[in-house]
Amino acid sequence: MLTNLLPTLIFYLFAAVTLLSGIMVISSKNPVHSVLFLILAFFTAAGLFVLLGAEFIAMILVIVYVGAVAVLFLFVVMMLDINFAELREGFLRYLPVGAAVALAVFMELLAVFFMSLNKPSALAPVRQAIPDSAHISNTQAIGNVLYTYYLYPFQLSGIILLIAMIGAIILTLRARPNVRKQNIVQQLARTKKDGVEIVKVETGRGI
């Protein structure tokens, strides 16, 4: 009895900690605390994946997100000189837009849920039988599903991440005065007249 009850208790414990950590990520006033709660959420989510039998996803979650992304966020936040008053003003300014986006996402989730109730065939790829672990590994099973049924969403997510990366670079790119830097456009537009100057020197005189 206790053996069957223990995984359920661990699941609810990890789920509760993950949910609370996610709430603290967006509600903490200190960005460093938000990153630390994000790391905790990643760890507990990895524990949930282990309970579901997806050890590969749990390992990737810990190695990639906790070991690289979240730690990078932490160092960047700690090195930045953040004006908390200005940060709160920006939060209040964009709060209606964020609430509208959150409402739209919530309505989409409700639409998907009710569509699954009315048309069970729409979720047929999701409800496929779990492959036997004796014949196929967890990594191979994820690859088969990811690159067959979810190939286009997978490619679309990669494009979205690329656009987000380029946007972050553009937003943080600042033109500081009195700093020498390379200008590719000016170099390509340079002509012979701009680079060569012919000076006629009279005999017996310098330039």
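Entry 1, terms and model. I take helices as DSSP runs of at least four residues, numbered from the N terminus. With that numbering, I find Ser28 in the loop between α1 (2-27) and α2. I note at the outset that the model is predicted.

Entry 2, overall make-up. I looked up the elements of the protein chain and found nine helices and zero strands. Read from the N terminus, the order is therefore α-α-α-α-α-α-α-α-α. Of the 207 residues, 12% count as buried. I recorded an accessible surface of about 17,600 Å², with 70% of that area belonging to carbon and sulfur atoms. I also looked at contacts between residues at least 6 apart in sequence: 54% of these join residues at least 24 apart.

Entry 3, confidence. The chain averages a pLDDT of 79, and 83% of the residues score at least 70. Among the elements, I find the highest mean, 88, in helix α7 (residues 151-172), and the lowest, 65, in helix α4 (residues 84-93). Where pLDDT is low, the predicted coordinates should not be read in detail.

Entry 4, Ser28. Is this loop residue buried or exposed? I find a relative accessible area of 18% for Ser28, which means that Ser28 is buried, the cut-off being under 20%. A polar atom of the Ser28 side chain lies 2.5 Å from the backbone oxygen of Met24. Leaving aside residues up to four places away in sequence, I list His33, Ser34 and Phe37 as the residues that Ser28 touches.

Entry 5, Thr44. I located Thr44 in helix α2. Thr44 has a relative accessible area of 7% and is buried. The side chain of Thr44 reaches the backbone oxygen of Ala41 at 3.0 Å. Which residues does Thr44 touch, not counting residues up to four places away in sequence? I find Phe14, Val17 and Thr18.

Entry 6, nonpolar core. I looked up the largest nonpolar core and counted eleven residues: Val35, Ile39, Phe42, Ala45, Ala46, Ala58, Leu61, Val66, Ala70, Leu74 and Val77. Helices α2 (31-51) and α3 (55-79) each supply at least two residues of this core. The most comes from α3, with six residues. In soluble globular proteins, nonpolar side chains tend to be buried together.

Entry 7, Phe42. I followed one of the core residues, Phe42, to its contacts. Apart from residues up to four places away in sequence, Phe42 touches Leu61, Tyr65, Val66 and Ala70. Of these, I find Leu61, Val66 and Ala70 listed in the core as well.

Note on methods: Residues numbered from 1 in each chain as written. Predicted model: local features only at pLDDT ≥ 70, side-chain atom pairs only at ≥ 80, totals over all residues. Heavy atoms only, no water. Core = buried A, V, L, I, M, F, W, Y, C linked by side-chain atoms within 4.5 Å. Buried < 20%, exposed > 50% of the residue type's maximum accessible area, 1.4 Å probe, protein only. Contact = heavy atoms within 4.5 Å. Polar contact = N/O pair within 3.5 Å; in protein donor to acceptor, adjacent residues only side chain to side chain. pLDDT = per-residue confidence, 0-100. Areas by Shrake-Rupley, 256 points an atom, 1.4 Å probe, with all protein chains shown as cover.
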